Amino acid sequence: MKYPREDKGAGCKQYMLDNPGVAKNKKVLDLGSGCGASAIAAKMSGSAHVLANDIDPVAAIATKLNCELNGLEPLPAATEDLIGSEPRGWDLILLGDMFYEEALADGLHAWLRRCIRTHGTRVLIGDPGRAQLESHGIKRRLLPLARYELPGAVREENYGLTSSTVWRYQPEL
């Protein structure tokens, strides 16, 4: 898979490529998609539908460019904030490195729980071990699935974080 820059939540991308059955024939949301690497990996793994979502409009442009680099038709990309919205029947939600602020983590926890309760959504989180995730109560609801080393350039710009863990989110319903 080609992309100009690695993202910090890269674990989900690699997990999709290593385990293509996870996304195969699924409706997938890549929440906080950044450069779209996880969304692209889900599409390459045979997902039925993928939406890349990030509130930063530049992320939609980066996703489009990365699709072109990988020989894919551009994936749908949305820039509205979906956290707290009515769940849309996603089979799989991918998150990367979104636990950098407690209020955001609290909102994610409540919304993801609703998605799971309403539609049976599976949630995978790629996180490089941010202190906010490590200290948040949500951590008790995470089951580790895989761990990946971060590329050197990503390590240099991320205050010594060296790896990303892929977690399955399992809240109390």
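Accessible areas, as used here, come from the Shrake-Rupley method with a 1.4 Å probe. On this basis the protein, examined as a predicted model, exposes about 8200 Å², of which carbon and sulfur atoms supply 50%. Buried residues account for 48% of the 173 residues in the chain. Among contacts with a separation of 6 or more, 69% link residues that lie 24 or more positions apart.

The secondary structure comprises six helices and seven strands. Read from the N terminus, the elements follow the order α-β-α-β-α-β-β-α-β-α-β-α-β. The seven strands are assembled into an open sheet with the order S3-S2-S1-S4-S5-S7-S6, and their pairing is mixed. Strand S3 (77–78) and strand S6 (142–149) form the edges, each pairing on one side only.

Both kinds of pairing can be illustrated from this sheet. S1 and S2 run parallel and are joined by five bridges; in this pair, aspartate 30 stands opposite alanine 52 of S2. S6 and S7, by contrast, run antiparallel and are joined by seven bridges, with glutamate 149 placed opposite serine 163 of S7. Strand S1 is mostly covered, since four of its five residues are buried. In a regular strand the side chains alternate between the two faces of the sheet.

The largest nonpolar core contains 24 residues, and within it Leu31, Ile93 and Leu95 touch the most other members. Two or more residues each are contributed by strand S1 (27–31), strand S4 (92–96), helix H4 (102–119), strand S5 (122–127) and strand S7 (163–169). The greatest contribution is that of H4, which gives seven residues. The surroundings of isoleucine 93 were examined with its neighbours within four places in sequence left aside. Its contacts are then Leu29, Leu31, Trp111, Leu112, Cys115, Thr121, Arg122, Val123 and Leu124. A second core, separate from the one just described, has 20 residues, including Val22, Val28, Ile40 and Cys67.

Helix H3 (residues 57–69) consists of 13 residues and reaches 19 Å from its first C-alpha to its last, close to the 18 Å expected at 1.5 Å a residue. Its buried residues are Ala59, Thr63, Asn66 and Cys67. These residues cover an arc of only 105° around the axis and therefore lie on the same side of H3. They pack against helix H2 (37–44) and strand S2 (49–53). The face of H3 turned away from this buried side carries the exposed residues Val58 and Ile61. Cys67 thus appears both among the buried residues of H3 and in the second nonpolar core.

A backbone feature was also noted in the loop between helix H1 (11–18) and S1, where asparagine 25 is located. The phi angle of asparagine 25 is near 60°, a positive value in a residue other than glycine. Most residues other than glycine have a negative phi. With a relative accessible area of 57%, asparagine 25 is classed as exposed, the cut-off for that class being over 50%.

Key:
Residues are numbered from 1 along each chain as its sequence is written. This is a predicted model: local features need pLDDT of at least 70, side-chain atom pairs count only at pLDDT 80 or more; totals for chains, interfaces and linings use all residues. Side-chain values use heavy atoms; hydrogens and water are left out. Buried means under 20% relative accessible area, exposed over 50%, partly exposed in between (1.4 Å probe, protein chains only). Contact means heavy atoms within 4.5 Å. A nonpolar core is a set of buried Ala, Val, Leu, Ile, Met, Phe, Trp, Tyr and Cys residues joined through side-chain atoms within 4.5 Å. Two strands pair if DSSP finds at least two bridges between them. The expected span of a helix is 1.5 Å times one less than its number of residues. The arc is that of the directions from the helix axis to the C-beta atoms.
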